[in-house]
Amino acid sequence: MRGRRTRRIVVVKQEQGLRDVMADEIAKRRQAYAAEISRRVSDPRIEAAFAAVPREDFAGPPPWRIGSGGLFGRTASDDPARLYDDVLVAIDVRRGINNGQPSLHAQSIDALRIKEGETVIQIGAGAGYYTAILAHLVGPAGKVVAYEIEPDIAERAKANLARYPQVEVRARSGVDDLPKSDAIYVNAAATHPLGAWLDALKVGGRLLFPLQAAHSTGAMLLITRPESGDVWPARFLSAVVFIACEGAQDRATGRKLDEAFRRGGSGQVRSLRFGGAPGQSDWLRGDGWALTTEAEQET
């Protein structure tokens, strides 16, 4: 009996040792991944956040459906090291929901210039991976309010983010009744900047969202709320493709938006203007607003 017990103890120790080695290898892979996806990022805290957050904790059970761009969902893997490539990972294949390309999110979050202690809204939180990154950036004195419209996925996010007391997950759409915030990060496509998003921004607050018609292509648009006036600084970042944000799509505006992208010139956009008559500087004009190539006037 003693010999059997000793052998069992040896086997358990060997298994634990193997798990420790694997955990150490994954930690090293995560460090390398964080450095790779943060090459174009200016805030070093973002690399540190990606290095600290285990992606496997938000990916669900293996095998994971992994891909990039048009290849999304074509491969499956139960190797956690594959999660530390710059690839999409499925949240729900049937609904076409994935957790996004890490390098895109790293650069987008960098553009928001998030500081410790700030309040950040995330719209389209998915299973919570990038919510955790935001939580690291705002720190324990800050707050992240994350909206996820799909109830089952919101429940996953709540469970995954339970270790972050500064995070609140709300299982509904984030298109109205939002708290005041320093930054809003939208992970679903809209054809126009929603009034509720703009109204929720504090002075100096930043809104970043995919300006894109449903089932089309677009680009991330960064808007900053000024102290006063009807001209808000705005500029486009990288080209993107996101699923549509429910309640933030207008067909007529979407058609005009697609036409504007086909014409080109989005890189010249410098401001979001409210009111006023149509002008030659308009890149896209909506209902009471326009994205223009004129910069904010100095006061």
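In the predicted model, 10 strands assemble into an open sheet with mixed pairing, arranged in the order S7-S6-S5-S8-S9-S10-S11-S12-S14-S13. The edges of this sheet are occupied by strand S7 (167-170) and strand S13 (282-285), each of which has a single partner strand, so that one side of each is left without a neighbour in the sheet. On average, and with direction ignored, neighbouring strands of the sheet are turned by 20° against each other. Within this arrangement, S11 pairs with strand S12 (residues 271-274) in the antiparallel sense over 3 bridges, and Val-231 has Arg-273 of S12 as its bridge partner. Helix H4 lies across strand S5 (119-123), strand S6 (143-147), S7 and S8, and runs at about 165° to S6.

A further open sheet is formed by 4 strands in the order S2-S1-S3-S4, with antiparallel pairing; its edge strands are strand S2 (75-77) and S4, each of which pairs on one side only. Strand S1 (residues 64-67) and S3 are joined in the antiparallel sense over 2 bridges, and the bridge partner of Ile-66 in S3 is Val-89.

Elements of both sheets contribute to the largest pocket, for which a volume of about 950 Å³ was computed. The pocket is lined by 41 residues, and those lying nearest its centre are Asn-98, Asn-187, Ala-188, Phe-242 and Ile-243. Two or more lining residues are supplied by each of strand S3 (88-92), strand S4 (97-98), helix H3 (102-111), helix H4 (129-138) and strand S11 (231-240). By residue class, the lining divides into 21 nonpolar, 15 polar and 5 charged residues.

Ala-189 is located in the loop between strand S8 (181-186) and helix H6 (195-200). With a relative accessibility of 0%, Ala-189 counts as buried, the cut-off for this class being under 20% relative accessible area. When neighbours within four places in sequence are left aside, the contacts of Ala-189 comprise Pro-210, Gln-212, Phe-242, Ile-243, Ala-244, Cys-245, Ala-248 and Gln-249; of these contacts, Phe-242 and Ile-243 also belong to the residues nearest the centre of the largest pocket. The C-alpha atom of Ala-189 is, in addition, separated by 7.0 Å from that of Ala-214, a residue 25 residues apart from Ala-189 along the chain.

How values were computed. Residues are numbered from 1 along each chain as its sequence is written. This is a predicted model: local features need pLDDT of at least 70, side-chain atom pairs count only at pLDDT 80 or more; totals for chains, interfaces and linings use all residues. Side-chain values use heavy atoms; hydrogens and water are left out. On a 1 Å grid over the protein atoms alone, a cavity is a set of points where a 1.4 Å probe fits but cannot get out, and a pocket is an open set with protein on both sides within 12 Å along at least five of seven lines; lining residues have an atom within 4 Å of a point. Grid points are joined across faces, edges and corners, and a volume is the space filled by probe spheres set on the points. Ala, Val, Leu, Ile, Met, Phe, Trp, Tyr, Cys and Pro count as nonpolar, Asp, Glu, Lys and Arg as charged, and the others, Gly among them, as polar. Buried means under 20% relative accessible area, exposed over 50%, partly exposed in between (1.4 Å probe, protein chains only). Contact means heavy atoms within 4.5 Å. Two strands pair if DSSP finds at least two bridges between them. Axes are lines fitted to C-alpha atoms, for helices over the stretch in contact, and angles run from 0 to 180 degrees between N-to-C directions.
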